[in-house]
Amino acid sequence: MSTPLNERLNERLNERRPAARRFGIRARLLALLLPCILGLLALDSWDDYRALSGLVQDSYDRVMLESVQALRGSVSIATDGTLQLDASAPLVQRMFDASSPQGKHLHVGLKPRGPASAAAAPTTEHTLLGDADLPQPPSSTSSPTAPVWYDADYRGQPMRLVALRSQVVDGAGQPFDLLVQAAESTGARDLAEAVSRRQQLFRDARMVLVVVVLVWLGVTWSLRPLERLRRFVVRRKGLAPEPLDASGVPYEVAPLVDAVNQHVASYRKLLDQQSQFLADASHQLRTPLAIMLTQAGVALREKDPKQLHDTLRAMVAQISRSRRLCEQLLSLAHASDSSAHADDAPAFADLNAIAKDVVLQYLTLAHEKNQDLGWVDARERVQPHGSPRPVGTDGMAVPVRANAPELHEALSNLVHNAIVYTPAGGNITVAASIAGSTALAEVRDDGPGIASDRRAEVFERFSQVGRASGTTGTTGTTGTTGTTGTTGIAGNTGKPSRGAGLGLAIARAYAQRNGGDIVLTAADDGNGSKVGKTAGLCAVLQLPVADTRQG
């Protein structure tokens with residue numbers, strides 16, 4: 001049989017259960033880390049590639065520059081006074097072609113200059129070495145003797161070229177323009193850069209793979225204690241819940257485990273309360289059922305109609321008490337369910353008006369015992385010093401933010417309890433007031449009262465603490481709302497019956513459920529004198545005063 005609490009728990013679990021499987025911790029970590037790592041690797045690889053590409057270009061360019069400078073230094077004057085290349089030129093060419101003779105070209109050319117050569121062909125160039133058809137360098141805007149680097153196509157291949165211009169003079173003093181060029185195909189450079197790119201990509205992929213494996217293994221290792229907890233919970237399916245062992249759990253998850261343990265403890269406490277409640281209820285109901293069974297057997301054997309009627313009336317009274325006990329048990333179960341309406345904000349209620357309604361409800365029952373049941377209007381009472389009238393209360397004398405029917409139930413139990421224990425001719429006064437930030441509803445009687453050291457016991461379920469010394473009976477006896485009249489009278493005696501000791505427990509449960517409490521004191525009228533000749537009892541329902549402007 002499912003309870004309202006279990007139904008609400010199942011509804012919340014169904015609401016929170018995802019329709020499809022969501023990302024786990026591994027997927028979330030990878031989704032967070034991988035884009036960042038890939039972005040950093042891409043940026044780092046790009047920087048490395050640019051640096052490596054510049055290094056490769058500088059290495060190849062340095063070899064070319066050294067070759068043209070060596071060829072420039074190998075130009076000398078022959079014995080006949082002409083310009084020629086000395087014996088080091090072939091060695092320079094072999095060294096230049098050493099790595100790959102294909103796609104490499106050298107050129108050394110002389111062109112006469114000056115007025116002496118104006119009559120001759122001034123544009124004729126004399127080639128001392130290499131290929132004279134290499135692409136000519138662009139005009140240099142810097143020093144005319146500085147190396148000039150440029151790219152061009154030669155014989156269908158992209159080339160990287162360097163040119164070095166200078167002036168030389170032959171043995172006759174004739175000046176010449178010397179042009180030394182070196183050309184190299186870019187294929188070797190591109191191949192070296194491609195190899196470096198592949199190596200860089202391989203290193204990056206290896207790093208990403210290592211990160212993925214480490215994240216996967218790290219999460220698996222970190223969640224191993226949670227897997228142990230899961231197996232523990234699964235093994236205890238159908239058994240009473242036990243606290244989870246938080247040893248070995250990551251400290252980030254430890255608060256969650258502690259919260260679960262607190263929930264388990266509260267749930268165990270709730271189960272214990274329910275078990276105790278069922279045991280007490282069964283015990284309390286067993287006695288009246290046994291009595292009624294005995295009375296029914298007597299009625300079946302009875303021959304005298306008058307005695308039969310008396311037995312039936314006794315059975316009716318016992319059934320009435322049993323019904324009131326069942327109603328009290330239901331009220332106590334409802335009052336003890338702290339989860340009911342937990343998400344609903346309570347409305348405003350006037351404690352003064354509720355007290356008046358309770359008094360009107362119980363006037364007939366009090367008159368049957370010749371008791372004076374009165375009500376003091378809070379609007380006619382002088383407020384204590386420092387307790388100004390609340391503002392924004394929409395005409396409410398004692399505004400509180402609580403459930404009005406539940407407050408009515410709590411006060412009904414207090415008033416009925418006073419009627420039961422106040423002797424005939426006694427006085428009972430119900431009054432509401434405000435003391436500072438606290439709203440009060442007082443039920444005073446001049447009955448025998450309760451010893452101060454035993455007042456805490458009367459709030460326990462099925463408590464059987466009597467009023468005053470030497471008095472027996474239950475202190476917590478009440479009837480629930482709507483149980484007055486014949487329901488509150490045992491048989492035809494005209495006296496309210498003493499119940500099972502649930503009344504004050506129900507009243508306090510409703511008070512605490514609405515953020516208040518119930519306090520028992522001696523029936524002092526506030527001026528040091530007693531209401532009656534005996535000590536009496538004052539049951540005070542305390543709640544926080546509400547400001548309706550905040551609603």
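How many strands form the open sheet, and in what order do they run? In this predicted model, five strands build the sheet, in the order S9-S11-S12-S14-S13. Their pairing is mixed. Look at the edges. Strand S9 (372–376) and strand S13 (517–521) stand there, each with a single partner strand, so one side of each has no neighbour in the sheet. From one strand to the next, the twist averages 15 degrees.

Now take one pair of strands. S9 runs parallel to strand S11 (residues 427–435), and five bridges join the two. One residue to find here is Trp375, whose bridge partner in S11 is Val430.

Helices pack on this sheet. H7 touches S9, S11, strand S12 (438–445) and strand S14 (537–544). The direction of H7 makes about 165 degrees with that of S9. Helix H9 (residues 503–513) also packs on the sheet, where it touches S13 and S14. The direction of H9 makes about 135 degrees with that of S13.

Stay with H7, because it has a helix partner too. Helix H7 (residues 351–368) packs against helix H8 (residues 404–421), with the axes 9 Å apart and an angle of about 40 degrees between them. That angle makes H7 oblique to H8. The crossing is right-handed. Which residues of H7 and H8 meet? From H7 come Leu351, Ile354, Ala355, Asp357, Val358, Gln361, Tyr362, Leu365 and Ala366. From H8 come Ala404, Leu407, His408, Leu411, Ser412, Val415, His416 and Ile419. This contact has 12 nonpolar residues, four polar ones and one charged one.

Next, move to an earlier part of the chain. Pro243 sits in the loop between helix H4 (187–235) and H5. Asn261 belongs to helix H5 (residues 254–301) itself. Is Asn261 buried or exposed? Its relative accessibility is 15%, so Asn261 counts as buried; the cut-off for buried is under 20%. Pro243 has a relative accessible area of 49%, so it is partly exposed.

These two residues touch. Setting aside residues up to four places away in sequence, Asn261 is in contact with Pro243 and Leu244. By the same kind of count, Pro243 touches Phe232, Asn261 and Val264. The loop residue also has a partner to compare by distance: Pro243 and Arg268 are 25 residues apart along the chain, and 9.8 Å separates their C-alpha atoms.

Conventions:
Residues numbered from 1 in each chain as written. Predicted model: local features only at pLDDT ≥ 70, side-chain atom pairs only at ≥ 80, totals over all residues. Heavy atoms only, no water. Helix = DSSP H or I, 4+ residues; strand = E, 2+ residues; numbered from the N terminus. Buried < 20%, exposed > 50% of the residue type's maximum accessible area, 1.4 Å probe, protein only. Contact = heavy atoms within 4.5 Å. Axes fitted to C-alpha atoms, helices over the stretch in contact; angles between N-to-C directions. Parallel < 35°, antiparallel > 145°, perpendicular 65-115°, else oblique. Left-handed = near helix turned anticlockwise from the far one by under 90°. Nonpolar A, V, L, I, M, F, W, Y, C, P; charged D, E, K, R; others polar. Pairing = 2+ DSSP bridges.
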